[in-house]
Each structure stands twice: as structure tokens, then as C-alpha cells.
Amino acid sequence: MFIMGGHPEIEDGKVRSVFNPLINDVSKETINFKEGCLSFPFLFLTINRPKWCSVKYTDQHGKEIEETLHGMSARVFQHENEHMNGYVFTDLVSKFKLERAQKTRAKMLKDYARGGAIR
């Protein structure tokens with residue numbers, strides 16, 4: 001299970017408690033967007049994902065939900081569902097792109113340790 005949402009600028013802060021998630025369909029149209037993950041602090045990767053996804057899950061009240069998610073909600077659902085399926089966003093990029101992002105992360109953390117701001 002995972003919980004997603006809560007950001008006031010995304011779906012007015014709607015929170016979803018997602019048990020036994022399934023992605024039933026995804027759009028052919030995709031979008032590249034920079035993502036981060038709490039499992040990898042300060043690591044950001046551009047990930048190509050379907051623009052929307054039709055999903056099915058059980059909520060915290062035991063109610064079965066079927067809905068089509070768009071935009072950031074679709075992206076977050078896909079990202080979190082990957083954790084449930086045993087892989088993470090770093091698995092979706094080439095070794096070169098991951099190494100480049102790790103170098104950027106190391107520089108960012110070094111700058112931060114010196115008193116700089118995280119950008």
C-alpha cells in the first residue's frame with residue numbers, strides 16, 4: 001500500500017490511501033518530467049511516463065476505486081506502484097544518466113554542507 005497526495009496545488013490536496021494498486025491502462029502519449037524520490041534524497045532524474053493511467057485500488061475504507069488519473073497524480077501513482085512491484089525510478093534510466101545525476105547530487109550535497117542553498 002502507499003499514500004499519495006496532500007499537496008495543496010495538486011487536486012486541491014486530495015489524499016489517496018492505495019491498497020492493492022493495479023494499473024489497467026495507460027496513454028500512448030508520454031511526458032518527460034524531472035522526478036525525485038524520498039528513497040534517494042536529492043537525486044533527480046528525467047523520467048518518461050504515460051500522460052494518464054486508468055487505475056484500480058482499494059481505499060482505506062475497503063471501497064474499490066476505479067479512476068483515470070492525469071498529470072502529476074498519474075505520475076505519482078505510477079512511481080509509487082513501481083515500488084510495490086520491486087523497482088524504482090533509477091531503474092528506468094541509462095547507467096550514464098544515473099551516474100551524471102549522482103554526480104550532480106554529490107555536488108549539491110557538498111555545496112549544502114558548506115552552507116549553500118539546495119537548488
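**Exercise 1. Surface and overall layout**

How much area does the protein expose, and what share of it do carbon and sulfur atoms supply? Then describe how the chain is laid out.

*Solution.* Keep in mind that this is a predicted model.

- Step 1: start with the surface. The protein exposes about 8000 Å², and 52% of that comes from carbon and sulfur atoms.
- Step 2: look at the extent. The C-alpha trace spans about 50 × 30 × 25 Å along its principal axes.
- Step 3: go through the elements. You should find 6 strands and 2 helices, and reading along the sequence gives β-β-β-β-β-β-α-α.
- Step 4: check burial. The chain has 119 residues, and 32% of them count as buried.
- Step 5: turn to the contacts. Take those with a separation of 6 or more: 55% of them join residues 24 or more positions apart.

**Exercise 2. A nonpolar patch**

Find the surface patch that includes I3, and work out whether I3 itself is buried or exposed.

*Solution.*

- Step 1: pick out the members. M1, I3, V15 and F19 make up a nonpolar patch on the surface, and together they offer about 370 Å² of accessible area.
- Step 2: place I3. This residue sits in strand β1, which covers residues 2-5.
- Step 3: settle its exposure. The relative accessible area of I3 is 55%. Exposed means over 50%, so I3 is exposed.

**Exercise 3. Two cysteines**

How many disulfides are there, and why is C53 not bonded to C37?

*Solution.*

- Step 1: recall the chemistry. A disulfide is a covalent bond that joins the sulfur atoms of two cysteines.
- Step 2: take the cut-off. The two sulfur atoms have to lie within 2.5 Å.
- Step 3: count. The rule gives 0 disulfides. C37 is in none, and its nearest cysteine sulfur, in C53, is 17 Å away.
- Step 4: look from the other end. The closest cysteine sulfur to that of C53 belongs to C37, and 17 Å is too far for a bond.
- Step 5: add the surroundings. C37 counts as buried at 12% relative accessibility, and C53 is buried at 0%.

**Exercise 4. Aromatic pairs**

How many aromatic pairs does the structure hold? Classify F40 with F89 and Y57 with F77, and say where each ring sits.

*Solution.*

- Step 1: get the total, which is 3 aromatic pairs.
- Step 2: take F40 and F89. Their ring centres are 5.8 Å apart with the planes at 50 degrees, so this pair is tilted.
- Step 3: trace that pair in the chain. F40 is in strand β4 (residues 40-50), while F89 is in the loop between α1 (71-84) and α2 (95-113). The two are 49 residues apart, so the pair links distant parts of the chain.
- Step 4: compare their cover. F40 counts as partly exposed at 23% relative accessibility, whereas F89 is buried at 0%.
- Step 5: move on to Y57 and F77. Here the centres lie 6.1 Å apart and the planes are at 45 degrees, so this pair is tilted.
- Step 6: trace this one too. Y57 belongs to strand β5 (residues 52-58) and F77 to helix α1, 20 residues apart.
- Step 7: check burial again. Y57 counts as buried at 4% relative accessibility, and F77 counts as buried at 0%.
- Step 8: widen the view. F2, Y57 and F77 form one aromatic cluster.

**Exercise 5. Salt bridges**

How many salt bridges are there, and which residues are linked with R49 in a network? Go through three of the bridges.

*Solution.*

- Step 1: the structure holds 8 salt bridges.
- Step 2: begin with R49 and E35, whose side chains meet at 2.5 Å, N to O. R49 lies in strand β4 and E35 in strand β3 (residues 30-37), so this bridge ties together parts 14 residues apart in sequence. Both R49 and E35 are buried.
- Step 3: follow the network. It links E35, R49, R75 and E82.
- Step 4: take K56 and E64, with closest N and O atoms 3.4 Å apart. K56 counts as partly exposed, at 26% relative accessibility.
- Step 5: finish with K107 and D111, where the closest N and O atoms are 3.2 Å apart. Both lie in helix α2, 4 residues apart, about one turn of the helix. K107 counts as exposed at 52% relative accessibility.

Notes: Residues numbered from 1 in each chain as written. Predicted model: local features only at pLDDT ≥ 70, side-chain atom pairs only at ≥ 80, totals over all residues. Heavy atoms only, no water. Patch = residues over 30% accessible without salt bridge, like charges linked within 9 Å, V, L, I, M, F, W, Y side chains within 5 Å. Areas by Shrake-Rupley, 256 points an atom, 1.4 Å probe, with all protein chains shown as cover. Salt bridge = Lys/Arg side-chain N within 4 Å of Asp/Glu carboxyl O. Buried < 20%, exposed > 50% of the residue type's maximum accessible area, 1.4 Å probe, protein only. Phe/Tyr/Trp six-rings, centres within 6.5 Å; stacked < 30°, edge-to-face > 60°. Contact = heavy atoms within 4.5 Å.
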